[in-house]
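Take a look at the sequence and the model below. This report walks through the fold from the inside out.

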Amino acid sequence: MNKILYNIKEALPTDAESIAQAEEAVFADPWSSSGIAHFSACDSAFVLCAKNEAGRLCGYAIGSFAAGEGELLRIAVLPQYRKSGIGTAILYEFIHRMTARRVAALFLEVRLSNTSAQSLYEKAGFQKYAVRRNYYKHPPEDAIMMRIDLDI
Ligand SMILES: CC(C)(COP(=O)(O)OP(=O)(O)OC[C@H]1O[C@@H](n2cnc3c(N)ncnc32)[C@H](O)[C@@H]1OP(=O)(O)O)[C@@H](O)C(=O)NCCC(=O)NCCS
């Protein structure tokens with residue numbers, strides 16, 4: 001496979017539309033561009049974008065934080081760019097930016113069946129701490145709750 005060159009930056013307001021299109025392609029409960037733009041503009045949240053040399057979206061992450069705790073709300077890599085380290089790079093940049101915002105504990109939830117995402121998170125240092133029964137809809141599924149404590 002050819003090496004994919006990309007950079008990771010905070011999203012611009014104009015990125016909301018392409019992220020919303022990626023949401024449609026990846027998730028059963030896609031977020032709208034206005035919802036994504038809200039997180040991008042919010043002081044207690046941020047949106048990261050990985051883009052290739054042509055400026056096309058390869059992946060993204062959305063997180064929020066308050067009172068020293070943060071949450072990874074969304075992370076995705078478009079199917080054609082997966083398994084080349086982009087998800088890992090976005091997640092590490094996300095953790096770095098949460099640390100810079102004085103976040104001491106970072107949380108996320110993931111579908112029980114989503115073992116590839118669980119593996120990504122565990123490699124970055126997240127640990128499973130609880131299961132929430134029937135947390136997800138469309139289709140119904142349990143959520144694995146994960147957290148990582150950050151050095152701030
Ligand atoms: C989860 C996701 C973001 C990973 O992105 P990616 O760019 O493919 O991830 P990476 O290439 O950095 O892989 C990192 C690790 O994730 C795990 N992983 C990624 N894809 C995997 C797969 N298809 N099967 C098993 N493990 C996988 C592996 O542990 C991998 O490490 P390795 O390359 O040493 O085996 C991507 O698969 C995705 O967008 N999935 C759909 C959206 C999603 O599920 N988001 C999470 C919701 S909680």
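The largest nonpolar core holds 36 residues. Within this core, Val-47, Leu-48, Tyr-60, Ala-61, Ile-90 and Phe-94 touch the most other members. The model is a predicted one. In soluble globular proteins, nonpolar side chains tend to be buried together.

Follow one core residue outward. Which residues does Ile-90 contact, beyond its neighbours within four places in sequence? The partners are Ile-8, Leu-48, Ala-50, Gly-59, Ala-61 and Ile-75. Two of the best-connected core members, Leu-48 and Ala-61, are among these partners.

**The whole chain**

Now step back. The protein chain has four helices and seven strands. Their order from the N terminus is β-α-α-β-β-β-α-β-α-β-β. The radius of gyration is 15 Å, close to the 15 Å that the globule rule gives for 152 residues, so the chain is as compact as a globular protein of that length. The C-alpha trace spans about 40 × 35 × 35 Å along its principal axes.

How much of the chain is buried? Of the 152 residues, 29% are buried. Contacts also reach along the sequence. Take the contacts with a separation of 6 or more: 55% of them join residues 24 or more positions apart.

**Helix 1 and its two faces**

Helix 1 covers residues 16-26. Its buried residues are Ala-16, Ile-19, Ala-22 and Glu-23. Why do they sit on the same side of helix 1? They do because they cover an arc of only 120 degrees around the axis. The general rule is simple: an α-helix has 3.6 residues a turn, so residues three or four places apart point the same way.

What covers the buried residues of helix 1? The cover includes helix 2 (33-41), strand 3 (57-66) and strand 4 (69-77). On the face turned away from the buried side, helix 1 carries the exposed residues Glu-24 and Ala-25.

Ala-16 makes a good example from helix 1. Ala-16 counts as buried because 22 other C-beta atoms lie within 10 Å. Leaving aside neighbours within four places in sequence, Ala-16 contacts Ser-33, Ile-36, Ala-37 and Ser-40. The C-alpha atom of Ala-16 is separated by 11 Å from that of Tyr-60, which is 44 residues away along the chain.

**Around the ligand**

The ligand has 18 residues around it. Which of them come nearest? They are Arg-82, Gly-87, Thr-88, Ser-116 and Ser-119.

Several elements build this shell. Strand 4, helix 3 (86-100) and helix 4 (115-124) each supply at least two residues. Helix 4 gives the largest share, with five residues. By class, the shell has eight nonpolar, seven polar and three charged residues.

**Exposed residues**

Tyr-129 lies in strand 6, which runs over residues 127-136. Is Tyr-129 buried or exposed? Tyr-129 is exposed, because it has 10 C-beta neighbours inside 10 Å, and the cut-off for exposed is 12 or fewer. Tyr-129 touches Met-145, Met-146 and Arg-147, not counting residues up to four places away in sequence. The C-alpha atoms of Tyr-129 and Ala-45 are separated by 24 Å, and the two residues are 84 residues apart along the chain.

Two loop residues are exposed as well. The table sets them out.

| Residue | Place | Phi | C-beta neighbours within 10 Å |
|---|---|---|---|
| Ala-67 | loop between strand 3 and strand 4 | near 50 degrees | 9 |
| His-138 | loop between strand 6 and strand 7 | near 50 degrees | 8 |

**Backbone exceptions**

Most residues other than glycine have a negative phi, and most peptide bonds are trans. Ala-67 has a positive phi, though it is not glycine. His-138 also has a positive phi and is not glycine either.

Where is the cis peptide bond that involves His-138? This bond runs from His-138 to Pro-139, with omega near -5 degrees. Pro-139 sits in the loop between strand 6 and strand 7 (141-149). His-138 lies in that loop too.

Key. Residues are numbered from 1 along each chain as its sequence is written. This is a predicted model: local features need pLDDT of at least 70, side-chain atom pairs count only at pLDDT 80 or more; totals for chains, interfaces and linings use all residues. A residue is buried if 20 or more other C-beta atoms lie within 10 Å of its own, exposed if 12 or fewer, and partly exposed in between; C-beta atoms are placed from the backbone. The arc is that of the directions from the helix axis to the C-beta atoms. Two residues are in contact if their C-beta atoms, placed from the backbone, lie within 7 Å. A residue is near a molecule or strand if its C-beta atom, placed from the backbone, lies within 6 Å of it. Ala, Val, Leu, Ile, Met, Phe, Trp, Tyr, Cys and Pro count as nonpolar, Asp, Glu, Lys and Arg as charged, and the others, Gly among them, as polar. A nonpolar core is a set of buried Ala, Val, Leu, Ile, Met, Phe, Trp, Tyr and Cys residues joined through C-beta atoms within 7 Å. The radius of gyration is taken over C-alpha atoms; the globule rule is 2.2 Å times the number of residues to the power 0.38.
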